[in-house]
Amino acid sequence: MIKNKIADDKLDTLVSKSVVPIIDLAHCGKTVVNRVGQQLHKAFTEKGIAFLVNHGIADEKIKGVWDQFDNFLDLPAEIQDRYRRKNGVNYGYVSPGIERFDGKTPELRHTYNICKLDDQNLPREPLPEFADEITNLTNDFKTISSFLLKAMEVALEVPPGLFAENHSQMLEGDDVNMTTLRMIYYPAIVDDEPGQSEGAIRCGAHVDYGTFTLLSQDSEGGLEVQLPGSEKWQRVGHLPGAILINGGELLSIWTKQRYHALPHRVVIPEQEQIRTRGRHSIAYFVHPDNKTPIDPQDIQKDEASSSNEKIYTAYELIQKKFNDTYGQRS
Ligand SMILES: O=C(O)CCC(=O)C(=O)O
Ligand SMILES: [Fe+2]
């Protein structure tokens, strides 16, 4: 039987309302660095979010990595266990229910973090293509990020190299730089009993800690954001092929809150036909090198500000955040 009324299936999203700025990276070379920088500047100051299009990463490559992660999730638990995230490090596999963003609500997702492209972070056995495909995509994200960091230097009129040099150890390991590629799979929600998944969340409300995040999501939806000046959670929606970029907390501190760190979460979709399918995403979290002093004076001189103000390094700020918010994180 077909359904007559289709209005119920339509969702109001930021994409359907054309609220999210779209930044075209086609032909990105020296000449477009200015334009991209200006667009990114506007997006980070006004919204904290934008879509990147014509970024050069083929859809097949992203889908290939999702498939590799599915293969990993189908491995026997005793093999997955070898790659579980250990205490004190940021890389490795985390199964659903372990992470708790607000200290109590379990996250219904599988995640796999990679901070360095080596055998310790990436299994070679028993999935021979896993490491190669992920390495390839991670390097693409790194290239785009390096370009965006340059564009931000131009837009903010900071000394050339301020961002590039302070992100020079991306993917050299979480002991020197926290940049991370995260594969994510949210399993399908099958309600055995009505209301069983009430209160559960796919990914709790948070802001990312770093400079910015690049996010590729499939079409299943669920991502919601709070735009600057509003407490209202709004669905982002899906722009096929686009990579979403959102501002992180370190960048917001570095720019004295001129750039917005975007609160976001992933909810369990209301519509049964979407909820009962799994959802894939990949996030590339860009961080400065751990030793970088996050000093707003480097970005905008403020004569009135006291030189006695304590400046923390990127590493110290992240530790502070973990201790304040995730003290109970297991
Ligand atoms: O899966 C998503 O779309 C978002 C994930 C996210 O925000 C995160 O892992 O920090
Ligand atoms: Fe996030």
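This tour moves from the whole chain to its sheet, then to one strand of that sheet, and finally to the ligand.

The model is predicted, so local features are given only where pLDDT is at least 70 and side-chain atom pairs only at pLDDT 80 or more, while totals for chains, interfaces and linings use all residues. Residues are numbered from 1 along each chain as its sequence is written, and chains are lettered from A and ligands numbered from 1 in the order in which they are written.

Begin with the whole protein in cartoon view, where there are eight helices and 12 strands (DSSP runs numbered from the N terminus, H or I of at least four residues for helices and E of at least two for strands). Of its 330 residues, 35% are buried, a residue being buried if 20 or more other C-beta atoms, placed from the backbone, lie within 10 Å of its own.

Next select the eight strands of the open, mixed sheet, which follow the order S1-S2-S10-S7-S12-S5-S4-S3; strands pair if DSSP finds at least two bridges between them. At the edges, S1 (22–24) and S3 (92–94) each pair on one side only, and from one strand to the next the twist averages 25°.

Now add helix H2 (residues 59–73), which packs on the sheet and touches S4 (110–114), S5, S7 (212–217) and S12, its direction making about 65° with that of S5. Contact here means C-beta atoms, placed from the backbone, within 7 Å, and angles run from 0 to 180 degrees between N-to-C directions of axes fitted to C-alpha atoms, for helices over the stretch in contact.

Then isolate S12 (residues 279–286), which pairs with S5 (residues 180–186) in the antiparallel sense over seven bridges and is joined to S7, also antiparallel, by six bridges. Phe-285 of S12 stands opposite Thr-180 and also opposite Thr-213, whereas Tyr-284 of S12 has Leu-181 opposite. Eight of the eight residues of S12 are buried, so this strand is largely enclosed by the rest of the structure. Arg-279, Ser-281, Ala-283 and Phe-285 point one way from S12, and His-280, Ile-282, Tyr-284 and Val-286 point the other way.

Finally, select ligand 1 and the residues whose C-beta atoms, placed from the backbone, lie within 6 Å of it: Arg-182, Ile-184, Cys-203, Asp-208, Leu-215, Gln-217, Leu-223, His-264, Val-266, Ser-281 and Ala-283. At least two residues of this shell come from each of S5, S7, S11 (264–266) and S12.

Note on methods: Two residues are in contact if their C-beta atoms, placed from the backbone, lie within 7 Å. A residue is buried if 20 or more other C-beta atoms lie within 10 Å of its own, exposed if 12 or fewer, and partly exposed in between; C-beta atoms are placed from the backbone.
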